[in-house]
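Please look over the sequence and the model below. A short report on the fold follows.

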Amino acid sequence: MSQNTNDFSKWYIDTIQKADLMDYTPVRGCIAFKPDGYELWEHIQTEMDKRFKETGHRNAYFPMLIPESFFQKEKDHIEGFSPELPWVTEAAGEQLEERLALRPTSETMIGHLYSNWIKSYRDLPVLINQWANVFRWEKKTLPFIRTSEFLWQEGHTAHVDEEDARKETMQMLNIYKEVVEGLLAIPVYDGEKTPSERFAGAVDTFSIEAMMKDGKAVQAGTSHYLGTKFAEAFDIKYLNKENKHTYVHTTSWGTSTRLIGSVIMVHGDEQGLVLPPKIAPTQVVLIPVGPWKKNPAIIEKLDEIFAALKAKGIRVRLDDSDQSPGFKFNEWELKGVPVRIELGPRDLENNQAQMKARDEGDKVSVALESVVESIEKELETMQTRLFEKAKAFRAEHSHTHIDSLEQLEQHLAASEQNDTIPGWILAGWCGDDACEENVKEQTKFTTRNIPFNPPTTKHTCINCGKEAKHTVWFARAY
């Protein structure tokens with residue numbers, strides 16, 4: 001696919017539409033999830049929810065409408081979100097006494113309620129997660145990646161002290177990394193956000209960052225240590241073992257349906273959607289070929305394979321429609337189905353079927369007596385193969401040799417001239433916000449995070465040349 005930004009955006013839109021994942025609605029920036037698109041989210045939900053519950057978290061639900069006065073209690077929070085807030089000002093034909101925001105996130109509402117629920121150290125920790133929709137009125141939208149309304153989960157926890165809260169913050173970031181790498185086959189860099197990129201109102205924000213096939217970054221998940229900021233704003237105190245009232249330490253953490261967009265952008269190819277087997281709504285499609293209607297044994301054998309796969313929990317479809325085999329092959333490839341099995345009269349005579357993996361060029365013959373085992377093995381192999389391909393792509397487009405703004409500008413000019421991906425750069429940063437901002441203004445490269453395990457350590461600031469306090473990933477981002 002073309003690496004040109006406009007061409008990549010067109011490829012992305014074409015891919016999600018041909019794969020029938022979503023549709024546009026009359027409300028700007030709001031999309032409808034079609035069944036295949038929503039099922040991708042369901043698989044992400046299932047895997048994350050299982051891990052949340054294994055670590056002691058429980059699900060709850062909080063109101064979508066949040067009083068304006070709640071936002072005023074945490075100054076940094078309202079400043080961070082005010083440009084994106086849609087407001088409800090009228091209901092039942094009457095003006096409301098107080099404006100209500102459609103939630104951009106729920107810290108304020110949950111902070112208010114936690115102040116009622118938490119009274120003693122015996123009430124802690126509070127470990128709650130919410131699956132919900134949120135609103136951030138975006139000026140520039142892209143389906144799944146950036147929309148005015150999107151689906152997500154937001155965890156909100158309260159703890160006796162900083163040590164416990166920070167342990168929670170890192171635990172959830174690690175869960176995100178495990179799910180994104182293990183389920184979605186997307187490699188990520190985990191690390192700490194710079195102060196300018198922190199969540200509004202957080203003490204520290206940590207993220208996992210993923211590279212798309214156009215070289216841009218997607219923030220795939222964040223986990224925030226909020227200290228006592230929200231506890232002080234909403235008076236969340238508890239009586240400790242020494243019989244003294246003290247503020248709780250809180251965290252919040254979230255991932256969203258932008259993970260669906262990330263899967264598409266990381267694994268897709270010229271033909272369209274490529275889905276990792278673990279997340280694919282349909283993992284295997286069975287297609288009869290040749291004059292199969294005159295040969296009932298073909299469908300009988302495919303029905304047998306279908307039942308055997310179903311019994312193993314594999315998501316399988318049998319396409320016995322009247323369309324031509326070529327049409328079916330193309331349609332299921334557009335949908336990103338990982339494995340296709342073809343069976344015709346000659347295959348049946350030879351006691352074999354033809355197997356095609358979505359990300360591989362050639363079909364292979366597999367014996368009918370072991371076809372189910374062959375499919376299982378291929379699904380597992382493809383999951384690993386996609387992860388390794390994405391990892392190799394990221395390595396190829398991660399640059400560690402750029403140490404000055406001038407070198408970065410030369411790198412960008414060369415990329416533009418040669419129509420290649422500029423990718424990410426690992427550079428030093430002195431810690432001065434002005435240096436970070438200047439790199440952004442000159443190149444549109446923003447800091448992604450300060451990686452926990454950088455491939456190398458940088459010693460001078462990319463902007464001013466002074467001693468670097470941090471080694472940072474820089475990239476253009478969605």
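Why does the sulfur of Cys-461 form no bond with the closest cysteine sulfur?

## Cysteines

This is a predicted model. In it, the sulfur of Cys-461 has its closest cysteine sulfur in Cys-464, at 3.7 Å, which is too far for a bond. A disulfide here needs the two sulfur atoms within 2.5 Å. The search of the whole structure returns zero disulfides.

Cys-461 counts as buried because its relative accessibility is 1%. Cys-30 also counts as buried, at 10% relative accessibility.

## Domains

The protein chain splits into domain 1 (5–267), domain 2 (284–382) and domain 3 (398–475). Between the C-alpha centres of domain 2 and domain 3 there are 48 Å.

## The eleven-stranded sheet

Eleven strands form an open sheet with mixed pairing. Their order is β3-β7-β8-β14-β11-β10-β9-β22-β23-β21-β20. The edges are β3 (58–59) and β20 (398–399). Each has a single partner strand, so one side of each lacks a neighbour in the sheet.

Strand β9 (residues 189–192) and strand β22 (residues 446–451) run antiparallel and are joined by two bridges. In this pair, Gly-191 sits opposite Pro-451 of β22.

Helix α2 lies across four strands: β3, β7 (126–135), β8 (149–159) and β14 (249–256). It runs at about 165° to β7.

## Nonpolar cores

The largest nonpolar core has 48 residues. Which of them touch the most other members? They are Tyr-12, Ile-44, Phe-144, Leu-184 and Ile-264. At least two residues of this core come from each of α1 (5–18), α2 (35–54), α6 (162–182), β10 (204–211), β11 (217–227) and α8 (258–267).

Phe-144 has a long contact list, leaving out residues up to four places away in sequence. Among its partners are Tyr-12, Ile-16, Leu-21, Met-22, Ile-31 and Phe-33. Others include Thr-257, Arg-258, Ile-260, Gly-261 and Ile-264. A second core, separate from the largest, has 26 residues, including Phe-62, Phe-71, Leu-113 and Leu-226.

## A buried arginine

Is Arg-385 buried or exposed? Its relative accessibility is 17%, so Arg-385 counts as buried. The cut-off for buried is under 20%.

Arg-385 belongs to helix α12 (residues 371–396). Neighbours within four places in sequence aside, Arg-385 contacts Ala-357, Asp-359, Glu-360 and Glu-378.

Note on methods. Residues are numbered from 1 along each chain as its sequence is written. This is a predicted model: local features need pLDDT of at least 70, side-chain atom pairs count only at pLDDT 80 or more; totals for chains, interfaces and linings use all residues. Side-chain values use heavy atoms; hydrogens and water are left out. A nonpolar core is a set of buried Ala, Val, Leu, Ile, Met, Phe, Trp, Tyr and Cys residues joined through side-chain atoms within 4.5 Å. Buried means under 20% relative accessible area, exposed over 50%, partly exposed in between (1.4 Å probe, protein chains only). Contact means heavy atoms within 4.5 Å. Domain bounds come from an automatic or database domain assignment. Two strands pair if DSSP finds at least two bridges between them. Axes are lines fitted to C-alpha atoms, for helices over the stretch in contact, and angles run from 0 to 180 degrees between N-to-C directions.
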